[in-house]
Amino acid sequence: MELDLILERLKKQDKKAFQQVFEAFYPRLVAYSFRFTYNQEASEDLVQESFIYIWENARSLNIKSLRAYLFTMVRNRSLNYLKKINLTDSNHLIDISNILTQDFQEDMISEKEMNALTQRAEEILKCLPGRM
């Protein structure tokens, strides 16, 4: 699946292209969201909402990488879900630990974003008390 061509087809509201993207990414996006939410139903809903947003706004979206856009959108929706149910701590350790420990993380976020997350994790670690 050539993602650049798929993007152009999505902008033209091509249902077949949308179906291809959905089938290719849905299982991985649900698994990715689940690593944040630990709730299968919520993860499925968040991914479905992301796809609905893509479908409804495809013409106006300026997407360079569909894969990165989808994973970023699902991550943000998952983190917002956690905030909504008050499942984050004051230092956001839950958010960062889930993101940094993924085996397949390199496929989903850019090097720049990974560096920013690593830097934030280091800042948080500096706030922790020393060993006893």
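**Exercises: the core and the H2–H3 pair**

The largest nonpolar core holds 28 residues, and Leu10, Val21, Leu29, Phe51, Leu66 and Leu70 have the most contacts inside it. Such a core is a set of buried Ala, Val, Leu, Ile, Met, Phe, Trp, Tyr and Cys residues joined through side-chain atoms within 4.5 Å, where buried means under 20% relative accessible area (1.4 Å probe, protein chains only). This is a predicted model, with local features needing pLDDT of at least 70, side-chain atom pairs pLDDT 80 or more, and totals for chains, interfaces and linings using all residues. Numbering runs from 1 along each chain, and side-chain values use heavy atoms, without hydrogens or water.

**Exercise 1.** Work out which helices (DSSP runs of H or I, at least four residues) feed this core.

*Solution.* Start with the elements giving two or more residues: H1 (3–11), H2, H3 and H4 (66–84). Next, look for the largest share: that's H2, with nine residues. Then zoom in on Leu70, which is in contact (heavy atoms within 4.5 Å) with Val21, Phe25, Leu29, Phe51 and Ile54, leaving aside neighbours within four places in sequence.

**Exercise 2.** Describe how H2 and H3 cross.

*Solution.* First, take the axes of H2 (residues 15–37) and H3 (residues 40–57): they come within 8 Å and cross at roughly 145°. Then sort the contact by class: 12 nonpolar, five polar and two charged residues.

**Exercise 3.** Is Ser43 buried or exposed?

*Solution.* Find Ser43 in H3. Its relative accessible area is 0%, so Ser43 is buried. Finally, check its partners: beyond four places in sequence, Ser43 touches Val30, Ser33, Phe34 and Thr37.

Notes. Axes are lines fitted to C-alpha atoms, for helices over the stretch in contact, and angles run from 0 to 180 degrees between N-to-C directions. Ala, Val, Leu, Ile, Met, Phe, Trp, Tyr, Cys and Pro count as nonpolar, Asp, Glu, Lys and Arg as charged, and the others, Gly among them, as polar. Buried means under 20% relative accessible area, exposed over 50%, partly exposed in between (1.4 Å probe, protein chains only).
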